[in-house]
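Hello,

Here is the structure I promised to pass on to you. Have a look at it first, and then read on for what I found.

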Amino acid sequence: QVDVVESGGGLVQAGESLRLSCVASGTIRNLDSMGWYRQAPENQRELVATMSIGGITDYATSVAGRFTISRDNAKNTAYLKMNSLKPEDTGVYYCKVIESRWGVSRDYWGQGTQVTVSS
């Protein structure tokens, strides 16, 4: 079992920055991917950014150039630095980790952290 906990959300004004953290704990063998997703009210959850264990990243077009994902494999922790925030970045940000063991991969999600950007 892997537990995932996000932190770092809050209320900011447009143009400001935030850094989110995601910590995975429990019985972990291999964290293949760690990523961030967000969900705005009445919208579907969407990908924000992911990073593989090898450092390959993928960003949503809407955040590329403003957000940066990073991870500390030794600490099973991922970060999302968000710069130049816009009101449309508002939503609940969720961390998802993909853990594999004996050839089987499984997704684990956190409870989310709220990010609100005022105009």
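Below is a short tour, going from the core to the strands, the rings and a few backbone details. Please keep in mind that this is a predicted model.

**The core**

The largest nonpolar core has 27 residues, and those touching the most other members are Trp 36, Leu 80, Met 82, Tyr 93 and Val 97. Many strands feed into this core: S1 (2–7), S3 (18–26), S4 (30–39), S5 (46–52), S7 (67–72), S8 (77–82), S9 (91–101) and S11 (113–118) each give two or more residues. The biggest contribution comes from S3, with four residues. As general background, nonpolar side chains in soluble globular proteins tend to be buried together.

Val 97 is a good place to start looking. Beyond its neighbours within four places in sequence, Val 97 is in contact with Val 2, Val 4, Cys 22, Ala 24, Leu 31, Ser 33, Met 34, Arg 106, Asp 107 and Tyr 108.

One of those partners, Val 4, belongs to strand S1. Val 4 counts as buried because its relative accessibility is 7%, and the cut-off for buried is under 20%. Setting aside neighbours within four places in sequence, the contacts of Val 4 are Cys 22, Val 23, Cys 95, Val 97, Tyr 108, Trp 109, Gly 110 and Gln 111. The chain also brings Val 4 to Lys 96: they are 92 residues apart in sequence, while their C-alpha atoms are separated by 7.7 Å.

**Strand S11 and its partners**

S11 has two faces that are easy to tell apart on screen. Thr 113, Val 115 and Val 117 make up the covered face, and Gln 114, Thr 116 and Ser 118 the uncovered one. In a regular strand, side chains alternate between the two faces of the sheet.

Which strands pair with S11, and in which direction do they run? Strand S2 (residues 10–13) runs parallel to S11 and is joined to it by four bridges; here Gln 13 stands opposite Ser 118. S9 runs antiparallel to S11, with three bridges between them, and Gly 91 has Val 115 as its bridge partner in S11.

Thr 90, in the loop between S8 and S9, makes a further link to this region. Its side chain reaches the backbone nitrogen of Val 117 at 2.9 Å. Apart from neighbours within four places in sequence, Thr 90 is in contact with Ala 40, Gln 114, Val 115, Thr 116 and Val 117.

**The S7–S8 hairpin**

S7 shows alternation too: Phe 67, Ile 69 and Arg 71 point to one face and are buried, while Thr 68, Ser 70 and Asp 72 point to the other and are not. Do notice that the buried set includes an arginine, Arg 71. S7 and S8 run antiparallel and are joined by six bridges, with Ile 69 paired to Leu 80 in S8. The two strands form a hairpin with four residues between them, and in the turn Asn 76 has a positive phi of about 50°.

**Aromatic rings and an arginine**

There are two aromatic pairs in the model. Tyr 94 and Trp 109 form an edge-to-face pair, with 6.5 Å from centre to centre and 80° between the planes. Tyr 94 lies in strand S9 and Trp 109 in strand S10 (residues 104–109), so this pair ties together parts that are 15 residues apart in sequence. Tyr 94 counts as buried at 14% relative accessibility, whereas Trp 109 counts as partly exposed at 35%. Ring pairs link Tyr 37, Tyr 94 and Trp 109 into a cluster.

Arg 45 joins in at this spot. Its charged end sits over the ring of Tyr 94, 3.7 Å from the ring centre. Arg 45 also lies over the face of Trp 109, at 4.7 Å from that ring centre.

**Two loop residues with positive phi**

Glu 42, in the loop between S4 and S5, has a phi near 70°, a positive value in a residue other than glycine. Glu 42 is exposed, with a relative accessible area of 86%. Ser 84, in the loop between S8 and S9, is not a glycine either, yet has a positive phi of about 50°. Ser 84 is partly exposed, with a relative accessible area of 42%.

Happy browsing, and best wishes!

Notes
Residues are numbered from 1 along each chain as its sequence is written. Side-chain values use heavy atoms; hydrogens and water are left out. A nonpolar core is a set of buried Ala, Val, Leu, Ile, Met, Phe, Trp, Tyr and Cys residues joined through side-chain atoms within 4.5 Å. Buried means under 20% relative accessible area, exposed over 50%, partly exposed in between (1.4 Å probe, protein chains only). Contact means heavy atoms within 4.5 Å. A polar contact is a pair of N or O atoms within 3.5 Å; within protein, one must be able to donate a hydrogen and the other to accept it, and residues adjacent in sequence count only if both atoms are side-chain atoms. Two strands pair if DSSP finds at least two bridges between them. Rings of Phe, Tyr and Trp (its six-membered ring) pair if their centres lie within 6.5 Å; planes under 30 degrees apart count as stacked, over 60 as edge-to-face and the rest as tilted. A charge sits over a ring if NZ of Lys or CZ of Arg is within 6 Å of the ring centre and within 35 degrees of the ring normal.
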